[in-house]
Amino acid sequence: QIFSGIFFSGVAAWLTLSNGTKLAFVQRASLEKRLTVCCFLNTYVGFFSAFFNFFQLTAVDNAVLPQTTTFTMDLARPVEWIMTCPLMQLV
């Protein structure tokens with residue numbers, strides 16, 4: 001499952017970067033084109049957030065940190081932030 005998640009995230013990132021419009025073109029484009037790109041990026045943010053939130057429900061991403069009391073951290077949460085926050089800053 002971890003391999004599949006990494007693989008499909010990589011494929012999604014590759015497809016986004018290879019098929020997307022260049023940022024310099026978007027900055028010179030009309031308002032309609034810029035809004036279309038913003039909606040496109042917001043759709044990706046929504047899909048990534050939904051995927052990682054469903055992934056947090058499983059025990060696959062749980063990491064037990066050694067402390068005096070057992071603390072379980074969902075690793076999908078920081079990965080979601082790393083993948084979505086730069087896109088939200090761009091929009």
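**Exercise 1. Threonine 43**

Work out which class threonine 43 falls into: buried, partly exposed or exposed.

*Solution.* Start with the number: threonine 43 has a relative accessibility of 39%. Next, bring in the cut-offs: buried is under 20%, exposed is over 50%, and partly exposed lies in between. So threonine 43 counts as partly exposed. Keep in mind that this is a predicted model, and the values below are computed from it. As for its place in the fold, threonine 43 sits in helix α3. Finally, try a distance: threonine 43 and valine 60 are 17 residues apart along the chain, and their C-alpha atoms are separated by 25 Å.

**Exercise 2. The overall fold**

Find how many helices and strands the protein has, and in what order the elements run.

*Solution.* The count gives four helices and two strands. Reading from the N terminus, the order is α-α-α-β-β-α. Two of the helices come up again below: α3 covers residues 31–56, and α4 covers residues 76–90.

**Exercise 3. Globule or not?**

Compare the radius of gyration of the protein with that of a compact globule of 91 residues.

*Solution.* First, the reference: a compact globule of 91 residues would come out near 12 Å. Then the model: the protein has 17 Å, so the rule for a compact globule isn't matched. Now look at the box: along the principal axes, the C-alpha atoms fill roughly 55 × 25 × 20 Å. Burial is next, with buried residues making up 16% of the 91. For the surface, the protein exposes about 7,000 Å², and carbon and sulfur atoms supply 70% of that. Last, check the contacts: among those between residues at least 6 apart in sequence, 49% join residues at least 24 apart.

**Exercise 4. Serine 49 and its partner**

Determine which residues serine 49 touches, leaving out those up to four places away in sequence.

*Solution.* Place the residue first: serine 49 belongs to helix α3. Its relative accessible area is 18%, which is under the 20% cut-off, so serine 49 is buried. The contact list then gives Glu80 and Thr84. With glutamate 80 there's a polar contact too, 3.2 Å between the side chains. To wrap up, compare sequence with space: serine 49 and glutamate 80 are 31 residues apart in sequence, yet 6.4 Å apart C-alpha to C-alpha.

**Exercise 5. Aromatic rings**

Find how many aromatic pairs the whole structure holds, then classify the one between phenylalanine 51 and phenylalanine 52.

*Solution.* The search turns up three pairs. For phenylalanine 51 and phenylalanine 52, the ring centres are 5.1 Å apart and the planes make an angle of 70 degrees. Over 60 degrees counts as edge-to-face, and that's the class of this pair. How do the two residues fare on burial? Phenylalanine 51 is partly exposed at 37%, whereas phenylalanine 52 is buried at 6%. Elsewhere, Phe40, Tyr44 and Phe48 form one aromatic cluster.

Follow phenylalanine 52 a bit further, to proline 78: they are 26 residues apart along the chain, with C-alpha atoms separated by 9.7 Å. Proline 78 lies in helix α4 and is partly exposed, at 28%.

**Exercise 6. Two cysteines, any bond?**

Explain why cysteine 38 and cysteine 39 don't form a disulfide.

*Solution.* Recall the chemistry: a disulfide is a covalent bond between the sulfur atoms of two cysteines. Now take the distance: the closest cysteine sulfur to that of cysteine 38 is in cysteine 39, 7.0 Å away. The cut-off is 2.5 Å, so the sulfurs are too far apart for a bond. Starting from cysteine 39 leads back to cysteine 38, again at 7.0 Å. The search of the whole structure agrees, with zero disulfides. One extra value: cysteine 38 is partly exposed, at 23%.

Terms used:
Residues numbered from 1 in each chain as written. Predicted model: local features only at pLDDT ≥ 70, side-chain atom pairs only at ≥ 80, totals over all residues. Heavy atoms only, no water. Buried < 20%, exposed > 50% of the residue type's maximum accessible area, 1.4 Å probe, protein only. Polar contact = N/O pair within 3.5 Å; in protein donor to acceptor, adjacent residues only side chain to side chain. Contact = heavy atoms within 4.5 Å. Phe/Tyr/Trp six-rings, centres within 6.5 Å; stacked < 30°, edge-to-face > 60°. Rg over C-alpha atoms; globule rule 2.2 N^0.38 Å. Areas by Shrake-Rupley, 256 points an atom, 1.4 Å probe, with all protein chains shown as cover.
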